[in-house]
Amino acid sequence: MSTLNNGSQRTLIKAERLKKHFPLSSSFFTGKGGEVRAVDGVNLEILEGETLGLVGESGCGKSTLGRTILQLHKPTEGSVKFEDQDLVTMEGSELRRMRSHMQIVFQDPYSSLNPRMTVREIVGEPLEIHNVAHGKARKERVNELLERVGLNPQMASRYPHEFSGGQRQRIGVARALALNPSFIVADEPISALDVSIQAQVVNLLLDLQKELNLTYLFITHDLSMVRYICDRVAVMYLGKIVELGSVDEIYENPQHPYTQALLSAVPVPDPLVEERRQRIILEGDVPSPAHPPAGCNFNTRCPLAFDRCMKTDPELKELLPGHQVACYAVEESIRSQL
């Protein structure tokens, strides 16, 4: 885990009231199409040089949030500012210029690389598109990038199917680094890899962060990995951020009942501790993002829910120093202790 300098970082990415709703097609049976609220009013800041972990169950909107920040999905509402420049208002060549500062490493190294292109073509493609390097200069830059991610430049003429999963993900990282970005969305970059390879890729990302002063949004469902690599953690449920704070604060003092349930499922290597601790089992299923419940999205599964939770949606507030929570029950509990 990298170390933050308290209070010294500037905000690199700032998302405000960010929404991404996908329309559903209407049919004779369903009538009106409606929409899927994949991201539903997210406020989020990512500090320069940090790794912000984004965690939550599958389908909660993590990947959509990452792609919407990068403008790979155009937001339905809200703003995304990169170094105080609003990306949502940009189009065409202006947005293309900004893309050189922001890149993504995709989840699946098997489908994210074009099987008909050589590694040299894959890694060098951003250099061509952005008119950065051609010919010999492009070849030299590709060789440099491959070396940086731990691959032999002599393998540049090979195709993706000739590489292992871990090597393919390194190729994806090299492609993301081609334009010297300052911000990278790592969208579950290790979930498709063997456990023995995951640590190698994570350590590569950490080394690159130190060398190049990179800022990461690290999207994952692996909570044990989050504690190792991230500085802060944002917990997402059904399109909304429900808790955000430093890694130590979230793991040692989780406040939101959903966060507590997630952390209770993380295995502990000490068998004595594992035997004594109590799992929190949430009842019911995650509601459909096309039909979220009224009030708080979590109220259908929350053991602390009361009348207010069924009517209005709690805002993400700083209830403890540096620790934000969106929960009326937690807010009342902390207020009663003051």
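Which residue in strand 12 is the bridge partner of L320? It is H323, and I will come back to that pair at the end.

First, the basis. This is a predicted model, in which local features need pLDDT of at least 70 and side-chain atom pairs count only at pLDDT 80 or more, while totals for chains, interfaces and linings use all residues. Residues are numbered from 1 along each chain as its sequence is written, and side-chain values use heavy atoms, with hydrogens and water left out.

Now the overall picture. The protein has 12 helices and 12 strands; these are DSSP runs numbered from the N terminus, helices being H or I with at least four residues and strands E with at least two. Its radius of gyration is 21 Å, close to the 20 Å that the globule rule gives for 338 residues, so the protein is as compact as a globular protein of that length. That radius is taken over C-alpha atoms, and the rule is 2.2 Å times the number of residues to the power 0.38. Along the principal axes, the C-alpha atoms fill a box of roughly 65 × 55 × 45 Å. Of the 338 residues, 49% are buried, meaning under 20% relative accessible area with a 1.4 Å probe, protein chains only. Among contacts with a separation of 6 or more, 64% are between residues 24 or more positions apart; a contact means heavy atoms within 4.5 Å.

Next, the sheets. Two strands count as paired if DSSP finds at least two bridges between them. One open sheet has 4 strands in the order 2-1-4-5, with antiparallel pairing. Its edge strands are strand 2 (35-47) and strand 5 (85-86), each pairing on one side only. Helix 1 (residues 62-69) packs on this sheet and touches strand 1 (11-23), strand 2 and strand 4; its direction makes about 120 degrees with that of strand 1. For such angles, axes are lines fitted to C-alpha atoms, for helices over the stretch in contact, and the angles run from 0 to 180 degrees between N-to-C directions. Strand 4 (residues 77-82) is joined to strand 5 by 2 bridges, and F82 stands opposite Q85.

The other open sheet has 8 strands, ordered 6-7-8-3-9-10-12-11, and its pairing is mixed. Strand 6 (102-105) and strand 11 (317-320) each have a single partner strand, so one side of each is left without a neighbour in the sheet.

What about strand 3, buried or exposed? All 5 of its 5 residues are buried, so strand 3 is largely enclosed by the rest of the structure. T51, G53 and V55 lie on one side, L52 and L54 on the other. Strand 3 pairs in the parallel sense with strand 8 over 4 bridges, and with strand 9 (residues 232-237), also parallel, over 4 bridges. L54 has a bridge partner in each: I219 in strand 8 and A234 in strand 9.

Strand 3 also meets helix 6. The buried residues of helix 6 pack against strand 3 (51-55), helix 4 (135-148), helix 5 (165-177), strand 8 (215-219) and helix 7 (223-229). Those buried residues include Q198, V201, L205 and Q209. After helix 6 comes N213, with a positive phi near 55 degrees.

Back to the opening pair. Strand 11 and strand 12 (residues 323-325) pair in the antiparallel sense over 3 bridges, and L320 with H323 is one of the bridge pairs.

Conventions:
Buried < 20%, exposed > 50% of the residue type's maximum accessible area, 1.4 Å probe, protein only.
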